[in-house]
Amino acid sequence: MTMNVYEQDNLGVEVHYLKATPLAASEPPLTPFQPGTTVLPKGSVHVEGGKPLPCDIRLDRDLAIALRDGTVIYGDVYRPTGDEQVPVILVWTPYGKSGGWWNKNMYPTTFGVDPKDLSGLQAFEAPDPAYWCDHGYAIAVVDVRGTGRSGGDLLVWGSAGGRDVYDTVEWLAEQEWCSGKVGMNGNSQLAIMQWFGAAERPPHLAAIAPWEALSDMYRDNAVRGGIPDMDFHNRDILAFLYGENRFEDAAAMLEDYPLMNGYWADKRARIEQIDVPAYVVASWTNSLHTRGTLAAFRGIASTDKWLRVSNELEWVDIADPDNVADLNRFFDRYLKDIDNGWEDTPRVRLSVLDPGGTDQVGRPENEWPLARQEWRTLHLDAADGTLSDKPPTQEAIARYQGNDSTSSVTFTLSFDEDTEITGHLNLHLWVEAEAAEDMDLFAAVYKTDSDGNRLYHYEVRGEEARAAVRAMAEGSHMPAGITYSGPNGRLRVSHRAKDPERSTPAEPYLTHAEEQLLTPGECVPVELALWPTSLLVHPGEHLVVEIAGHPVGDIALPPLPGGNPDIRTRNKGAHLIRTGGTYDSHLLLPVVPPADVHH
């Protein structure tokens, strides 16, 4: 049964679809369709080296859930075997609730998770039923519309998908074994739809825990900075999803509608409508999620909300026993109404990264962004490739070839005291294309040691996993998604128009409503925002700003999230960056003094 689920959203366009990759193409296969109930006995082991089940678990497989338009989707429910009603944590996944490519090939032990910390029952990017059933919860893992054997067409985020979450939450709350309280948890895709679902305000959704979840598909993923890049969505996600009908074709929609319109506006979660308690996890290091997760945390209306910024890969972080126990306290408070002192948890806990050194993890803070941040303006000087607190008086030009993947310019500052950079960074640049009507700009900020060697932070755990990462290096560049050297940003200059009401000096908000093409040789001011970060820089280390016509961050490593070196740009000929005199090209840097100075 195929229906126009977007009909009530007034998107103003016809949505494109493509034929789903058939279930038979999944290698290994998804678990066969087998409705029924099984009891998984205490002590049984479900993956080699894995944690034995700490209790008996009842598994109700392939339960049919009817959505409001008549579409039927399917879920598996893991729950305690007793008669007591329990709250349920909903896992909303396109990757296959059991079996299949993702659950086999992206198993967390690959990234340094101890096999004994997981039972093997967990779905990709999801909480482990073995732990939660033992602590008095049910876990419902549901194949979203159009994936696995769930009916309908796969949706790419949006309000219609949020309504599917609403319907599923309410269906779960009505089950005789359920206490009536529903929560949500999961990483990435499993977290993103928590924003859209919670914005619909299902009455029985009592709390959410979106761990690494961008919130605006256009700005955070598909057209970041105005530069279209759907390769990750198509090559690394959609290509490994399987269903029986159709998939929404967001890439085709971008071809037809490259500027902001009703369709893309619907792919931005209405975070201001979210008012349930929320435990949000972000990281500085994720090349897809960072900005959108932090923006959503700031924007949700929830009065009970907490942010933790991890220093590890999301799949390692979600499996860490201490983090699971922390989440248990949050859900006990809001799904079981246990007065356990959770409210005393610091509202913000940050990791401060020190590539080449030792991170600070879990530092308590009162808010995000930090109220005590101080703005430092570092001026670019093309005459000698430096960054300086004083604006250069003489005009100069830094030049690179926009369509040369080896060409870039750098600006460097040597630090003479420990400095913490925590917050949103922004490059204000005067730029010019000698022979083109547009420019695609890419920038990265990172630190090097005194000899100029780029310093990296590893997101994986354990020396074996880190050695495997080092083996993937290409020259001095390490793979994105599992290492991190600093924040990056990008901008298509024709998309430089800002919304003046939503923009600040550190966080320009681009409208993407029109193109403002250049006249060759025309010099214009632009704001190139870099994603937020937290970095420590030590005496003798250098802070580097690198700008080019191609990604200058870390190398891509499919199928992990990362910058794509083959992004199709509009660049040709030379790019000029003007500095000094009337050209106030600068980096706005959020510097944070030690907490004991202000607290």
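Is R201 buried, exposed or partly exposed, and what is its relative accessible area? In this predicted model, R201 is partly exposed, with a relative accessible area of 45%. That value lies between the 20% limit for buried residues and the 50% limit for exposed ones. R201 sits in the loop between α4 and β8. Its phi is positive, about 55°, although R201 is not a glycine.

The helix before this loop is α4, residues 189-199. All 11 of its 11 residues are buried, so α4 is largely enclosed by the rest of the structure. Among these buried residues are L190, I192, M193, W195 and F196. The buried set also includes Q189 and Q194. Small residues are represented as well, including G197, A198 and A199. R201, with its positive phi, follows the helix.

The strand after the loop, β8, belongs to a sheet. This sheet is open and has 11 strands. The strand order is β2-β3-β4-β6-β5-β7-β8-β10-β11-β12-β13, and the pairing is mixed. The edge strands are β2 (36-40) and β13 (360-365), each of which pairs on one side only. From one strand to the next, the twist averages 20°.

Within the sheet, β7 (residues 178-187) and β8 (residues 205-211) run parallel. Six bridges join them. G186 stands opposite P210 in β8.

Helices pack on this sheet. Helix α9 (residues 290-299) touches β10 (278-283), β11 (305-310) and β12 (348-352). The direction of α9 makes about 150° with that of β10. Helix α11 (residues 321-335) lies across β5 (86-93), β7, β8, β10, β11 and β12. Relative to β8, α11 runs at about 160°.

Two cis peptide bonds occur in loops that adjoin the edge strands. One joins E27 and P28, with omega about 0°. P28 lies in the loop between β1 (17-19) and β2. Another joins W368 and P369, with omega about -10°. P369 is placed in the loop between β13 and β14 (374-381). The strands β2 and β13 that border these loops are the edge strands of the sheet.

A positive phi also occurs at H512, a residue other than glycine, where the value is near 55°. H512 is found in the loop between β22 (488-492) and β23 (523-537). H512 is buried, because its relative accessible area is 3%, under the 20% limit. R201, by contrast, is partly exposed at 45%.

Terms used
Residues numbered from 1 in each chain as written. Predicted model: local features only at pLDDT ≥ 70, side-chain atom pairs only at ≥ 80, totals over all residues. Heavy atoms only, no water. Buried < 20%, exposed > 50% of the residue type's maximum accessible area, 1.4 Å probe, protein only. Helix = DSSP H or I, 4+ residues; strand = E, 2+ residues; numbered from the N terminus. Pairing = 2+ DSSP bridges. Axes fitted to C-alpha atoms, helices over the stretch in contact; angles between N-to-C directions. Contact = heavy atoms within 4.5 Å.
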